[in-house]
Amino acid sequence: MFQVFGVIQKRQVCRSAVLQVQKQAFQRDEALFARLNPEDFALAARQEAKKETIVNPVIRSLKKHINAVRVNVVGTDKSRINIRVYIWGMTILRNPPSLWLTINPTDTHDPIVQVFAGEEIDLDLFDRCAGPDSAQRAKIVADDLYAAAKFFHFVIQAVFEELMGIVVHKHKRVGHITRSEGILGTVEGYIGTVEAQGRGTLHLHTLIWLRGAPTAIEMKALLQSPGFRTRIAAYIASNICAHHDHISEESLATLPREKAVSYSHPLDPRHPSFNTSHYDVEGQLVRAVQVHKCGPGCLKASRGRLLCKRRAPFPLACEAWIDSTGDWGPRRTYRYLNNWNPTLLLATRSNHDCKLITNGEGTKHISWYISSYAAKRQQHSCNASALLAKTIAYHRRDKAHNSDVRSLNKRLLQWCANALSREQEFSAPEVVSYLMGWGDRYVSHHFQTIHWGSLAGLLRRSFPVLKDT
Ligand SMILES: [Zn+2]
């Protein structure tokens with residue numbers, strides 16, 4: 001799988017490099033690119049290591065072209081940048097997003113993944129004691145990462161379609177979406193990204209646009225009204241929870257954490273016992289998947305202190321609240337409970353997080369966060385110039401006799417882009433997602449790129465009067 005994925009990436013790099021060297025902006029400097037030598041890159045590497053600006057303008061320009069090549073290659077951090085443009089486009093079209101959701105489906109414990117892996121499990125007459133047991137389940141998933149990836153995409157699609165009521169009909173015609181009222185209201189659209197965590201399992205971060213959301217300016221004015229704030233607080237109280245009667249600091253010490261609670265059949269809301277049993281089940285699930293425990297994964301040193309990057313311990317509140325600046329919080333009586341949505345928790349039996357977005361600042365931070373996994377991915381290759389210096393030294397040794405500037409430059413772009421691709425880490429479920437065409441993003445709408453530079457150029461040429469404006 002990894003080899004096939006590597007070939008796909010290289011072919012995309014090749015195709016993208018062919019197009020890049022034909023661009024005017026590239027051809028302007030092509031003679032200079034061809035004359036770059038390993039020492040130029042080594043100098044840039046030293047400057048990059050010292051976090052200085054790279055002084056050589058030709059290297060700076062080449063890096064821009066390498067980035068432009070990588071935008072068109074699946075799995076690169078550059079290819080994610082489009083997501084930011086989509087978020088702005090969607091915000092212009094449908095006002096700012098209202099919610100931010102992260103879902104981590106539990107692939108080791110959910111029975112559905114076992115069925116995808118070929119286990120004979122009757123999901124209608126589910127018996128959790130019938131096996132496989134927890135250790136066997138973990139092994140089955142580890143041996144079948146295709147099933148793990150398929151499970152993830154199956155669950156996410158089911159959440160959007162069945163719980164949120166938004167169905168994107170990709171096969172009918174582009175942009176055909178049907179909506180019905182779901183657990184969060186009527187969802188106008190969503191834009192989310194798929195990421196792998198340290199152990200390789202996939203999770204989703206997504207922004208959600210609700211129908212009827214106000215613009216940022218209207219929101220500011222509305223938040224001044226106590227009646228509006230009461231309605232929002234009621235929305236938070238029913239959709240974003242962080243309190244459960246059965247869970248407190250004291251009860252956690254005695255309440256056993258049943259890890260495999262997700263190896264279960266979700267409660268059926270139509271069943272007569274649902275009303276009496278769902279709150280207890282919710283409590284067990286909260287105990288198992290929503291208690292935040294600070295550890296090496298979330299603690300970061302800041303000014304000599306260790307702080308949780310998830311900002312635990314979370315603030316307490318005796319009821320859901322929102323103030324006139326848009327700050328808000330759920331009811332919380334124990335500082336280490338992550339927010340959850342009750343229906344989503346009962347249905348997926350997996351860890352998730354849910355936040356309200358009330359201002360542009362929040363949208364900006366989140367869109368930056370979900371569209372750049374550079375921070376996590378490229379830690380080892382933070383000195384890209386050093387990597388390129390090595391690559392160039394290696395290749396130029398053999399290819400010095402080639403005199404065709406354009407093909408030499410095309411290869412230069414390819415070497416550089418491939419060298420950067422090699423430094424990226426992928427987990428098997430991610431690679432499966434690319435190979436199967438499931439991809440690394442969930443975007444409800446279809447976006448068409450407008451190449452504004454060329455469009456504006458054409459307008460100026462056709463209508464010279466515009467040149468002055
Ligand atoms: Zn923490």
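**Exercises on a predicted zinc-binding model**

Arg 303 has a relative accessible area of 85% and is therefore exposed (exposed means over 50%, buried under 20%, partly exposed in between, with a 1.4 Å probe and protein chains only). This is a predicted model, in which local features need pLDDT of at least 70 and side-chain atom pairs count only at pLDDT 80 or more, while totals for chains, interfaces and linings use all residues. Residues are numbered from 1 along each chain as its sequence is written, and side-chain values use heavy atoms, leaving out hydrogens and water.

**Exercise 1.** Find where Arg 303 sits and describe its backbone.

*Solution.* Let's start with the location: Arg 303 belongs to the loop between strand E6 (299–302) and E7 (strands, E, are DSSP runs of at least two residues and helices, H or I, of at least four, numbered from the N terminus). Next, look at the pairing: 4 bridges link E6 and E7 in the antiparallel sense (strands pair if DSSP finds at least two bridges between them). Within this pair, Lys 300 faces Leu 307 in E7. The two strands make a hairpin with 2 residues between them. Finally, check phi: for Arg 303 in the turn, phi is positive, about 50°, although Arg 303 is not a glycine. As background, most residues other than glycine have a negative phi.

**Exercise 2.** Work out which backbone features mark the loop between E7 and E8.

*Solution.* Begin with Arg 311, which lies in this loop. Its phi is positive, about 70°, although Arg 311 is not a glycine. Arg 311 has a relative accessible area of 68%, so it is exposed. Then move to Pro 313, found in the loop between strand E7 (305–308) and strand E8 (321–322). The peptide bond leading from Ala 312 to Pro 313 is cis, with omega near -5°. For context, most peptide bonds are trans.

**Exercise 3.** Identify the donors of the zinc ion and classify their geometry.

*Solution.* First, list the donor atoms: NE2 of His 292 and SG of Cys 294, Cys 298 and Cys 308 coordinate the zinc ion at 2.0 to 2.4 Å (donors are N, O and S atoms within 2.8 Å of the metal, or 3.2 Å for Na, K and Ca; water is not among the atoms, so sites may look incomplete). Second, write the spacing in sequence, which is H-x1-C-x3-C-x9-C. Third, take the angles: the 4 donor atoms subtend 105 to 114° around the zinc ion, so the arrangement is tetrahedral (for four donors, all angles must lie between 85 and 135 degrees). The ideal angle for four tetrahedral donors is 109.5 degrees. Lastly, check accessibility: His 292 is buried because its relative accessible area is 9%, and Cys 298 counts as buried at 5%.

**Exercise 4.** Decide whether strand E4 is enclosed or open, and name its partners.

*Solution.* Count the buried residues: 10 of the 10 residues of E4 (residues 187–196) are buried, so the strand is largely enclosed by the rest of the structure. Now for the neighbours. Strand E5 (residues 202–210) runs antiparallel to E4 and joins it through 9 bridges, with Trp 209 as the bridge partner of Gly 189. Between E4 and E5 the hairpin has 5 residues, and Gly 200 there takes a positive phi near 100°. Strand E11 (residues 441–443) is also antiparallel to E4, with 3 bridges; here Ile 191 stands opposite Val 443.

How values were computed. Four donors count as tetrahedral if all angles lie between 85 and 135 degrees; four count as square planar and six as octahedral if opposite donors are over 155 degrees apart and all others between 65 and 115; anything else is irregular.
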